Amino acid sequence: MQRIIDAHMHLSEHRDDALNHFARMNGLRYTLDELVGTMRRHKIVCGLLLSPPLRGGVPLPNENVIRLCRRGGGMLAPVITVEPTAKEVKAAVKLADEDRKEVKGFKVRLGYVKASADSPVFDRLYDYAESEGLPVLFHTGDTAVSNGDLSRSHPLTLDGLANKREELTIILCHFGNPWFEDVAELIYKHPNVYADISGLTTGGAYAEKYAEWLARKISEAIYFAGGADKVIFGTDYPVTKHEDTLALVRRLEVDEGDKEKILWRNAERVFGL
């Protein structure tokens, strides 16, 4: 457990960042210096940076994320967020192609956008991702806003896409919370489907009991899947503190070899780090 890769973090340094609320709630400054310092303290050798949502629901422009990564001292790599329009898909593919040495994947915000994973608008994105061996991360499960569309963010909506696109590496963010058993089936069924454990711990009156429940659910999913080869560490900083997600991994009732896979081996393989 001397090496860790965080496959899911956010940052903007933007006043209208909708995640500022979570940063304040967690007592975080939510700055590049803080993030890099936290990574070094926890021996996180690399982190993947994703666009946070801004007020109004739009994501931070991907160019901003790339610039932040370049200021990260070699510790950060960008994931490009893709919105469901032909124009945005074309721009995302172009940007990834121009910065192919830096970009490590794409993100689709299921539940926050008016499109499903199998919408034809994403076909060009998936074609490019397959050709370049780049994973596509999908928001799955609960949404941070009450008007999110759970019918589109339910993890089982990815089953059809995984059936049609066997060469596309699919990562289900947030382990589909609260549909852990559905995600367990998907990572067991599909060789190309993975899940990250980001953004699962957010406090509350029963925080300790909830942490126990989370560890049990993820452990059971690993048992069902026959191992932890498909589970990836991610925090969702600043939504969840690094300390809390690392504590979640320590709670898992799996062997140390599987914890090592979760903390870095799987991400290193999937993202080519």
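Helices α10 and α11 cross in a right-handed way. This is a predicted model, and that crossing is a good place to enter it. Helix α10 covers residues 242–251, and its axis lies 10 Å from that of α11. The two pack at an angle of about 155 degrees. That makes α10 roughly antiparallel to α11, because angles over 145 degrees count as such.

Now follow α11 itself. It runs from residue 256 to residue 271, which makes 16 residues. How far apart should its ends be? At 1.5 Å a residue, the helix should span 22 Å. Its end C-alpha atoms are 22 Å apart, so expectation and model agree. Even so, α11 has a kink of about 55 degrees, centred on Ile262.

Look at the two ends next. Asp255 caps the N-terminal end of α11. One of the side-chain oxygens of Asp255 sits 3.1 Å from the backbone nitrogen of Gly257. After α11 comes Gly272, with a positive phi near 65 degrees.

Which residues of α11 are buried? They are Asp258, Lys259, Ile262, Leu263, Trp264, Asn266, Ala267, Val270 and Phe271. An α-helix has 3.6 residues a turn, so residues three or four places apart point the same way. Keep that in mind when you read the list. Ile262, the centre of the kink, is among the buried residues.

Finally, move to a loop. Thr140 is found between β5 (136–139) and α6 (150–153). Is Thr140 buried or exposed? Its relative accessibility is 0%, so Thr140 counts as buried. A polar atom of the Thr140 side chain lies 2.6 Å from the backbone oxygen of Cys173.

Methods. Residues are numbered from 1 along each chain as its sequence is written. This is a predicted model: local features need pLDDT of at least 70, side-chain atom pairs count only at pLDDT 80 or more; totals for chains, interfaces and linings use all residues. Side-chain values use heavy atoms; hydrogens and water are left out. Helices (H or I, at least four residues) and strands (E, at least two) are DSSP runs, numbered from the N terminus. The expected span of a helix is 1.5 Å times one less than its number of residues. The bend at a residue is the angle between axes fitted to the seven residues ending there and the seven starting there. Buried means under 20% relative accessible area, exposed over 50%, partly exposed in between (1.4 Å probe, protein chains only). A polar contact is a pair of N or O atoms within 3.5 Å; within protein, one must be able to donate a hydrogen and the other to accept it, and residues adjacent in sequence count only if both atoms are side-chain atoms. Axes are lines fitted to C-alpha atoms, for helices over the stretch in contact, and angles run from 0 to 180 degrees between N-to-C directions. Angles under 35 degrees count as roughly parallel, over 145 as roughly antiparallel, 65 to 115 as roughly perpendicular and the rest as oblique. A crossing is left-handed if the near helix is turned anticlockwise from the far one by less than a right angle, and right-handed if clockwise.
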